[in-house]
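Me: Could you take a close look at one part of this model for me, the place where the two chains meet? I'd like a connected walk through the salt bridges there, and then whatever helps me place them in the rest of the structure.

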Amino acid sequence: MNKKKNQWKAWLYLLPALVVLGVFTVWPIINTLRMGFLEGYNSAGERLGQPFSFGFANFTSVIGYSEFTTCLGNTLLLTVVTVPISTMLALLIAVALNSIKPLKKFFQTIFFLPYVTNSIAIGMVFMAMFSMIGVMPGREPMSIGIINTIIEAFGGTRIDWVNQTSGWGANFFVLVVFIVWNALPFKILVLLGGLQNVDKQYYDAAKVDGASRWRIFWRVTVPLLSPMIAYVVITGFIGGFKEYNSIIGIFGDTMGPNTQQGKWNTMVGYIIQNVSGFQGRASAAAIILFAIIFAVTLINLYVSKKKVHY
Amino acid sequence: MKVVLQHLTKIFPSRNKKDKSAEVVAVNDFNLEIPDGKLIGLLGPSGCGKSTTLYMISGLQAPSNGKIFFGDDDVTALAPENRGIGLVFQNYALYPHMTVQQNILFPLQNLKGENRLSKEEMLTRAYEVAKLVQIDEYMDRKPSELSGGQQQRVAIARALVKMPRVLLLDEPLSNLDARLRLQTREEIRRIQRDTQITTIFVTHDQEEAMSISDFIVVMKLGVIMQTGKPQWVYDDPANLFVAKFLGTPPINVFTGSVRGGALYIGEEEVLSVPGVEDQDVYVGVRPEGFLLDENGGLSCAISGIDVMGRDVSVVSTNANSLNPVVRSIISADEMGKISGESVKFNLKPHKVFLFNKETEQRVYFGEQMAAHEAMVAQMAEEGQNYVTHEGPLPREADDAAKEEVSVPVKKGFLAKIKEKFKKPKDEQPETAEETPESAEEPSESVEEPQAESAKENAPEGEQTDKEG
């Protein structure tokens, strides 16, 4: 009897969380599925009593749009490039941080700063650093940004990073730098935590066995850290596929240089743009994104099962 | 390879660099010559500096002072990998992600230049060593799939595979259960005999050290107390600490005095000790040093008898005993002699050790001096130097005082806030008691009263710890 009473109490305590989850998570998921599979669905039409038939039209039409394929390509490219770079960098920085004593806390704070800063704000700072202001034909721009100033100070020629005449490579470079830098703190934190849990005796043993630092890193640190690395890679991929803030931070809601709107749009950007008028399409895109993340995560888990030593 | 340690000293600086008094001298002026091909046990209670000594020999810790020689080479400044040592860690430190074979191969794969072996040679070597420690059936297993004893043997194989000049073992048996410990102990002995590598191992278990060592080094608070063959050290302890540390059941210690060539425990004359000046002494009597005798000098009140098959252990009490009970082991045949509630003993002279009450150093009497000199002579003949600690023994009390000072009393933020809110409630009783106390002892640190209040308030104290 007592047990039953306690159960009743437990459910009561869970209720607020369940309600919130139900309203803001479970129902939207169900609704997204519904909207995605109703052909040509939009909420205005539904309110007017327009009938929608069940089918895959949303998916086929979304995949047909060149806009969408650009978004898909951008997302995949940015993710595939930035996740390995940021993971490697984070690993190196974490190992370095773990091996120094003086100023450790100081550097930890510095590397952790991006994590506690709004990524759109950081994006705008990046824009200010890279972009040129007041570009007019035949006239010196008002400001060329700190990066170009530095480049010119070292005798280089300025590059249009993110403005009208900027090329694909320059844009891509800025985006990668920004995304990697933004992704570092969380990864460093996780890896550093993992490193601090590694028994120091392994390193003593390796030292006695005459292993070089490089070998200790590859043969001892990386394998012992592999669960953390797997975690960081999986969450990194998931975060990468949801990339949106960085683009809007650097380019604004044109999602690309002013003259090339939507050039760097991503999956999430596409969904957001469609969500106000074409909920069916947005839902279909969201479901496709989910499927991709799901598949990649499965692959990640499969690979890590073979390579990770728990 | 002969190992020589000269004036080896290790001082751990205090956390607070300005406070010199909180320094810990882990090893203090350690002088020892370890002959080639022997198995040496460094023995002592925890905190005596034995592991630190081992790590200094390995090179993982740099000595604050002193020199280490392997043969004629001064290795003091060499990095661990260049010393040619094999080190087996207390919890083995086997790489969990590598198989047994990969673990054993790891040191070989690190070799560079002309020392580098071909792949086949490496494998042959690994299998040879694995066979030596009888682990060759499990080469493809991960360490987690092995028992504790097997892991231990893999760790030894990994240490042996690069053919070290010196093998170091840190508490090699402490992670094993009693049965395995016995077995592995023999195993280590066998491997050492087969390889003839100078082996130094560290243990706090005197039985372990006694059973396999060629000779043992008894340490206390960073200082060598005595060296020698286990049996010798047992039979001829140089001071009270060594006498108390070796032997199970432990030695019985009484307070006594020597008056006119006779030894008194309390008012009872128990033994004639010719040639000893009058003085107050501690009397150590090994459990096997008692003889049942109706006319014996030492009388004890019986509190129990443990029959252990061949032998009988008589548990009794004596007012002058420093141990809570006097434990004596007599032959089972003699049990018939025990009757009533008290028992009288005579003492076997060679099982009785006298120690000066002030210095706790050994006071020899009768034939003991000659036996001692014979032992020292024989050690010299075998190329070992007899080392004991001269002068007053290091006291535990010094250490206790140090610990009291170094206990950090940190106050968590939360605890502070709680205290603030709490104060008005129980202000009258608590502060009334505390204030005069702190006024009386102004020399004590300011944190002291805080620590007390934290202790009084258990949950608060816990939170303090967590936050710290």
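Reply: Let's fix one term before going in: a salt bridge here is a side-chain nitrogen of Lys or Arg within 4 Å of a carboxyl oxygen of Asp or Glu. Keep in mind, too, that this is a predicted model.

With that cut-off in hand, start at B:Arg158 and A:Asp209, whose side chains meet in a salt bridge at 3.8 Å, N to O. The pair crosses between chains: B:Arg158 sits in helix H4 (residues 148–160) of chain B, while A:Asp209 is in the loop between H9 and H10 of chain A. B:Arg158 and A:Asp209 are both buried. For A:Asp209 the label follows because its relative accessibility is 7%, and buried means under 20%.

A:Asp209 has another partner as well. It forms a salt bridge with B:Lys162, with the closest N and O atoms 3.3 Å apart. This pair also crosses between chains, running from the loop between H9 and H10 of chain A to B:Lys162 in the loop between H4 and strand S7 (166–170) of chain B. Because salt bridges that share partners are joined, A:Asp209, B:Arg158 and B:Lys162 make one network. Across the interface of chain A and chain B the rule finds 2 salt bridges, and the structure holds 16 over all chains.

Now step back to the interface around that network. On one side 18 residues of chain A are in contact with 23 residues of chain B. The two chains bury about 1800 Å² between them, 58% of it on carbon and sulfur atoms. A:Asp209 turns up again here: together with A:Gln201 and A:Val208 it supplies 35% of the area that chain A buries against chain B, more than any other three residues.

There are polar contacts to add to the picture, with 7 residue pairs counted between chain A and chain B. As for which elements of chain A do the touching, helix H9 (200–208) and helix H10 (213–241) are the ones that give two or more residues to that side. H9(A) provides the largest share, 7 residues. Sorted by class, the side of chain A that touches chain B has 8 nonpolar, 4 polar and 6 charged residues.

For a salt bridge within one chain, look at B:Glu33 and B:Lys2, whose side chains meet at 3.6 Å, N to O. This pair links distant parts of the chain, 31 residues apart: B:Glu33 is in strand S2 (residues 24–34) of chain B, and B:Lys2 is in the segment before strand S1 (3–12) of chain B. B:Glu33 is partly exposed, with a relative accessible area of 28%. B:Lys2 counts as partly exposed too, at 35% relative accessibility.

Last, the nonpolar side of the model. The largest nonpolar core has 103 residues, and B:Phe30, B:Ile200 and B:Val217 are those with the most contacts inside it. Helix H8 (residues 168–197) of chain A gives the largest share of this core, 14 residues. If you want one residue to click on, try B:Ile200: leaving aside its neighbours within four places in sequence, its contacts include B:Ile34, B:Leu54, B:Ile57 and B:Leu168. A second, separate core of 34 residues includes B:Leu39, B:Leu108, B:Val133 and B:Leu146.

Terms used. Residues are numbered from 1 along each chain as its sequence is written. Chains are lettered from A and ligands numbered from 1 in the order in which they are written. This is a predicted model: local features need pLDDT of at least 70, side-chain atom pairs count only at pLDDT 80 or more; totals for chains, interfaces and linings use all residues. Side-chain values use heavy atoms; hydrogens and water are left out. Contact means heavy atoms within 4.5 Å. Buried area is the accessible area (1.4 Å probe) that two parts lose on being put together, summed over both. A polar contact is a pair of N or O atoms within 3.5 Å; within protein, one must be able to donate a hydrogen and the other to accept it, and residues adjacent in sequence count only if both atoms are side-chain atoms. Helices (H or I, at least four residues) and strands (E, at least two) are DSSP runs, numbered from the N terminus. Ala, Val, Leu, Ile, Met, Phe, Trp, Tyr, Cys and Pro count as nonpolar, Asp, Glu, Lys and Arg as charged, and the others, Gly among them, as polar. Buried means under 20% relative accessible area, exposed over 50%, partly exposed in between (1.4 Å probe, protein chains only). A nonpolar core is a set of buried Ala, Val, Leu, Ile, Met, Phe, Trp, Tyr and Cys residues joined through side-chain atoms within 4.5 Å.
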